[in-house]
Amino acid sequence: MPHEIEATATTYAAPEVIFKHLFVADSWDEWAAFWARARHEVVAYDPPRHCGYVAMAGLPRGYRVDITLEPHGVNTLIRWRGAFDGRIPGTAPLKRAMLRRRFGSFARRVAWHAERCEPGCPARLPVEF
């Protein structure tokens, strides 16, 4: 049975701006603060509203993430949802807590950065979806 996690953040940045920060991998260093280079398989792609991936490397491996960008008044609600299987008995509560904290951090960081994105950010380069 999969375990589910959700974190949200609100930003005045447009969904297109947030989406570019999520899908231009070179921009991740600007906002994500990953410990190591992540490797994901994209499993959902509907710009600028929804994207999803499965973690292929890193810890924990094999979790699925779906990020939706929803209108919220004049703002954008970033909803970062994840699911993972508890393969090792007794580890699910720790993984859930770790991922909830990580997803919340990612949602807040991409929101904050997109609102203040500097001209040198890779997500500001022309990219077509």
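**Figure 1. How much of the chain is tucked away.** Of the 129 residues in this chain, 40% count as buried. Keep in mind that this is a predicted model. The chain exposes about 7,700 Å², and carbon and sulfur atoms supply 55% of that area. Take the contacts with a separation of 6 or more: residues 24 or more positions apart account for 59% of them.

**Figure 2. The parts list, from the N terminus on.** You'll find three helices and five strands here. Reading along the chain from the N terminus, the elements go β-α-α-β-β-β-β-α. The views that follow take the sheet, its hairpins, one arginine and then the helices.

**Figure 3. The sheet, strand by strand.** Five strands make up an open sheet, with antiparallel pairing and the order S1-S5-S4-S3-S2. Strand S1 (2-11) and strand S2 (40-46) sit at the edges, each pairing on one side only. On average, neighbouring strands of this sheet are turned by 15° against each other, direction ignored.

**Figure 4. Close-up of the S4 and S5 hairpin.** Strand S4 (residues 64-72) and strand S5 (residues 75-85) run antiparallel and are joined by nine bridges. Follow the ladder and you'll see Arg64 standing opposite Ala83 in S5, while Asp66 has Arg81 in S5 as its bridge partner. The two strands form a hairpin with two residues between them. Look for Gly73 in that turn, where phi is positive at about 65°.

**Figure 5. Close-up of S2, S3 and the step across to S4.** S2 and S3 also form a hairpin, this one with three residues between them. Six bridges join the antiparallel pair S2 and S3, and Glu41 stands opposite Val54 in S3. On to the next pair: S3 and S4 are antiparallel too, with five bridges. Here Cys51 has Ile67 in S4 as its bridge partner.

**Figure 6. Arg79 and its two glutamates.** Is Arg79, a residue of strand S5, buried or exposed? With a relative accessible area of 16%, Arg79 falls under the 20% cut-off, so it counts as buried. Its side chain makes a polar contact of 2.7 Å with the side chain of Glu6 and another, of 3.0 Å, with the side chain of Glu70. Leaving aside neighbours within four places in sequence, the residues in contact with Arg79 are Glu6, Ala7, Thr8, Asp66, Ile67, Thr68 and Glu70. Thr8 is worth picking out: Arg79 and Thr8 are 71 residues apart along the chain, but their C-alpha atoms are separated by 4.6 Å.

**Figure 7. Helix H1 across the sheet.** Which strands does helix H1 (residues 15-23) lie across? The answer is S1, S2, strand S3 (50-55), S4 and S5. Relative to S2, helix H1 runs at about 160°.

**Figure 8. Helix H3 and what covers it.** Helix H3 (residues 92-116) lies across S1, S4 and S5, running at about 20° to S1. What end-to-end distance should you expect for H3? At 1.5 Å a residue, the 25 residues of H3 should span 36 Å, and the end C-alpha atoms are indeed 36 Å apart, so the two agree. The buried residues of H3 are Ala92, Leu99, Arg102, Phe103, Gly104, Phe106, Ala107, Val110, Ala111, His113 and Ala114. When you look at how those positions are spaced, here's a handy rule: an α-helix has 3.6 residues a turn, so residues three or four places apart point the same way. The cover over the buried residues of H3 includes S1, H1, helix H2 (28-31), S4 and S5.

Note on methods
Residues are numbered from 1 along each chain as its sequence is written. This is a predicted model: local features need pLDDT of at least 70, side-chain atom pairs count only at pLDDT 80 or more; totals for chains, interfaces and linings use all residues. Side-chain values use heavy atoms; hydrogens and water are left out. Two strands pair if DSSP finds at least two bridges between them. Helices (H or I, at least four residues) and strands (E, at least two) are DSSP runs, numbered from the N terminus. Axes are lines fitted to C-alpha atoms, for helices over the stretch in contact, and angles run from 0 to 180 degrees between N-to-C directions. Contact means heavy atoms within 4.5 Å. The expected span of a helix is 1.5 Å times one less than its number of residues. Buried means under 20% relative accessible area, exposed over 50%, partly exposed in between (1.4 Å probe, protein chains only). Accessible areas come from the Shrake-Rupley method with a 1.4 Å probe; for residues, only the protein chains shown count as cover. A polar contact is a pair of N or O atoms within 3.5 Å; within protein, one must be able to donate a hydrogen and the other to accept it, and residues adjacent in sequence count only if both atoms are side-chain atoms.
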